[in-house]
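User: Could you take a close look at the sheet for me, and then say how that part sits within the whole assembly? I'd like one connected account.

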There are 2 protein chains.
Amino acid sequence: MECQNYNITRGVERENLNLNPLQRGGILPREARKALYEFGDGYSVCDYCAGRLDEVVKPSISSFLGDLATFLNADDVKTVHGAREGKFAVMHAMCDEGDTIVVDGNAHYTTHLAAERAGLEIIEVPNSGGSEFKIDLNKYKETLESAIDKYDEIKLALLTHVDGNYGNLTNAQEFGKICSDLGVPSILNCAYSMGRLPIDMNGWKIDFVVGSGHKSMAASGPIGVLAMKDEWIETVLKRSPRHMKKEIEMLGCTSRGAPIATLMASLPHVIERVNNWEKELKLTQNFVAKLEKIDGIEQVGIKPTEHDLVRFETPILHEISKKHPRKGFFLYEELKKKKIVGIKRGQTEWFKCSTYGMNAKQRDYVANSFKKIIKKFVN
Amino acid sequence: MECQNYNITRGVERENLNLNPLQRGGILPREARKALYEFGDGYSVCDYCAGRLDEVVKPSISSFLGDLATFLNADDVKTVHGAREGKFAVMHAMCDEGDTIVVDGNAHYTTHLAAERAGLEIIEVPNSGGSEFKIDLNKYKETLESAIDKYDEIKLALLTHVDGNYGNLTNAQEFGKICSDLGVPSILNCAYSMGRLPIDMNGWKIDFVVGSGHKSMAASGPIGVLAMKDEWIETVLKRSPRHMKKEIEMLGCTSRGAPIATLMASLPHVIERVNNWEKELKLTQNFVAKLEKIDGIEQVGIKPTEHDLVRFETPILHEISKKHPRKGFFLYEELKKKKIVGIKRGQTEWFKCSTYGMNAKQRDYVANSFKKIIKKFVN
């Protein structure tokens with residue numbers, strides 16, 4: 001049989017300024033590119049496996065997991081295929097079908113899917129709406145308390161540390177305290193925070209933390225991180241009675257390939273950028289301020305933003321699209337001419353973007369490009 | 001904090017003749033190396049996602065999945081993280097906790113773990129033991145029939161197409177017929193066959209087939225293939241009531257990264273090598289014949305072998321190890337001097353190996369190397 005042409009290239013998205021928030025935190029540094037080359041073949045990290053991926057010493061996965069635990073201030077760390085797979089593993093191991101858990105109203109869709117897959121019901125703490133879409137932790141506490149009243153026991157409470165729609169950061173320490181005071185195991189979804197900003201799992205009294213290598217840890221996907229308190233190891237990492245070395249919920253081993261090699265190679269780079277998070281945030285806030293100077297562009301979500309993922313309402317761009325011969329596609333096409341990509345084709349009423357990792361000059365260039373495009377069509 | 005040195009290199013295993021059966025089928029051809037480079041960054045295949053990974057058109061994942069279905073003669077194909085994750089998804093979706101399924105006695109440990117994770121009991125069809133370790137399909141049929149008698153309904157029967165201990169190939173067509181005659185949904189674990197030898201899912205009347213990209217499809221791990229009959233789509237790929245585009249059992253999307261790009265790029269290469277399977281097998285059989293000419297080396301499993309993964313009992317090597325100053329390590333060290341790797345350090349009583357994809361000269365070199373090493377210490 002003949003195969004079709006699958007168009008397996010990505011030059012445009014790699015070589016231009018990519019504003020897609022999904023892509024900014026997963027760009028590989030040079031060391032990870034090298035690891036990808038070294039471990040590109042098949043099952044490459046398993047050459048010296050004696051039955052446990054997390055105990056492999058060449059490459060030294062075991063040392064890496066120890067360092068990662070230190071970095072997150074966690075008792076124990078495993079790699080999984082992504083944040084969603086980590087959430088499912090925790091829900092599946094901690095809860096029984098038919099149980100009810102509490103989650104925030106800004107949760108990622110994969111939180112809902114993980115719960116559905118595990119047969120769980122969800123009680124949601126709504127966000128504030130308005131223009132902030134904030135999660136109020138007092139409301140979270142009330143909701144959790146009344147859930148406990150109603151169901152007697154709540155086996156898991158989840159908070160999205162930074163959500164993917166507004167880039168709102170919610171106070172993890174306060175969440176950890178609420179849950180530990182109420183005796184409810186807590187899980188923090190750090191897909192947009194671990195690898196960007198500091199995580200202090202034990203300091204925050206959180207029971208489980210999940211992160212995403214491809215989203216925020218400069219790793220090649222799919223790979224995620226699942227960190228947990230010691231007390232849950234026996235529940236979540238229960239061994240198979242038949243294969244005593246193997247953990248059932250992990251199906252034995254998880255990240256058996258190049259992604260874990262890139263995650264390992266990137267850790268020093270990730271630690272450094274997390275240490276520089278405040279500087280990064282300042283650059284994003286400057287970028288947002290510049291865009292907001294344009295009439296008809298306004299940030300939504302908590303202000304000033306506490307994360308590089310930012311959502312804008314852009315009525316001015318929508319106005320232009322109504323008269324432009326290319327309609328909604330004009331924005332994508334004008335940006336592309338300026339070597340800027342990552343805003344969805346056809347979208348003009350609002351967009352999400354991130355300039356994470358760009359230098360000040362690049363961010364200025366992006367902000368000026370929006371200004372110029374609007375000027376071109378409004379005057 | 002300071003990171004330790006993780007030793008993220010693999011020159012020895014990449015550049016020498018690697019006999020590890022786990023590694024032979026996952027070596028990337030040039031096109032896949034290019035795809036790995038192009039899609040190395042984070043979430044790279046998701047640039048143009050409109051909510052469904054399998055419908056992405058750039059790169060053309062949708063066309064690829066269509067071609068893959070044709071190649072396997074399957075109704076529908078999804079990518080998963082590996083064969084084990086495919087097996088778990090099927091078991092979890094098809095069965096209820098407490099159900100009993102039937103599996104062959106040569107099943108991979110991940111079949112047991114997937115069943116344990118899904119809360120299932122297993123009835124096992126033992127292999128023949130002796131020196132063949134063969135799965136007798138008449139015995140499978142009897143076991144399945146009596147399981148149906150006992151439990152009224154059996155929701156799944158699994159066969160390991162080629163097992164990872166002996167490289168025994170079991171007749172999938174016969175298995176498909178047995179299951180479909182008895183009205184039991186069947187699943188074939190093709191981790192060691194899909195991508196090496198022809199798969200004819202609908203021709204064999206099999207309901208589910210799982211394969212491994214990193215083990216046998218020249219792809220960078222972790223990635224697997226889950227193929228199914230149309231009639232199971234609604235059960236296994238049930239959509240989320242809340243997120244109508246998303247499949248619950250897949251947690252929305254599975255292979256969001258470089259591995260799927262390499263699997264796609266390798267398909268033409270894989271199709272070609274599957275077409276040449278008979279030639280490949282002949283080369284393996286010649287290799288086995290050469291090794292068996294050495295006194296004290298004998299293949300176990302079905303003879304002549306029907307797969308490149310071969311297991312040998314090697315009492316002669318064990319004899320040498322008893323007197324050798326390096327004990328059991330002598331074999332690994334002697335082979336390494338000859339640029340041959342992939343036999344576990346310290347192992348001498350028996351070993352598994354594969355020369356899959358090597359040319360005739362390389363295989364002769366490997367066989368002669370064993371001969372020379374033995375001669376060196378026996379005379």
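Analyst:

**The sheet and its surroundings**

Let's begin with a helix that packs on the sheet: in this predicted model, α8 of chain A (residues 172-182) lies across β5 (157-160) and β6 (186-189) of chain A. Its direction makes an angle of about 160 degrees with β6(A).

The sheet itself is open and mixed in its pairing, with seven strands of chain A in the order β2-β8-β7-β6-β5-β3-β4. At the edges stand β2 (76-80) and β4 (121-125) of chain A; each has a single partner strand, so one side of each has no neighbour in the sheet. From one strand to the next, the twist averages 20 degrees.

At the β4 edge, β3(A), residues 100-104, pairs with β4(A) in the parallel sense over five bridges. Within this stretch, Val102(A) is opposite Ile123(A) of β4(A).

Now for the assembly. Chain A superposes on chain B after a rotation of 180 degrees with 0.0 Å of shift along the axis, at an RMSD of 0.0 Å. That is how a two-fold axis relates two copies. Both copies use the same surface, as 100% of the contact residues of chain A recur in chain B.

Across the interface, 73 residues of chain A contact 73 residues of chain B. Several helices of chain A each supply at least two residues to this side, including α3 (30-38), α4 (61-72) and α5 (83-94). The largest share, eight residues, comes from α11(A). By character, the side of chain A that touches chain B comprises 31 nonpolar, 24 polar and 18 charged residues.

Technical notes. Residues numbered from 1 in each chain as written. Chains lettered and ligands numbered in written order. Predicted model: local features only at pLDDT ≥ 70, side-chain atom pairs only at ≥ 80, totals over all residues. Least-squares fit on C-alpha atoms with pLDDT ≥ 70 in both. Contact = placed C-beta atoms within 7 Å. Helix = DSSP H or I, 4+ residues; strand = E, 2+ residues; numbered from the N terminus. Nonpolar A, V, L, I, M, F, W, Y, C, P; charged D, E, K, R; others polar. Pairing = 2+ DSSP bridges. Axes fitted to C-alpha atoms, helices over the stretch in contact; angles between N-to-C directions.
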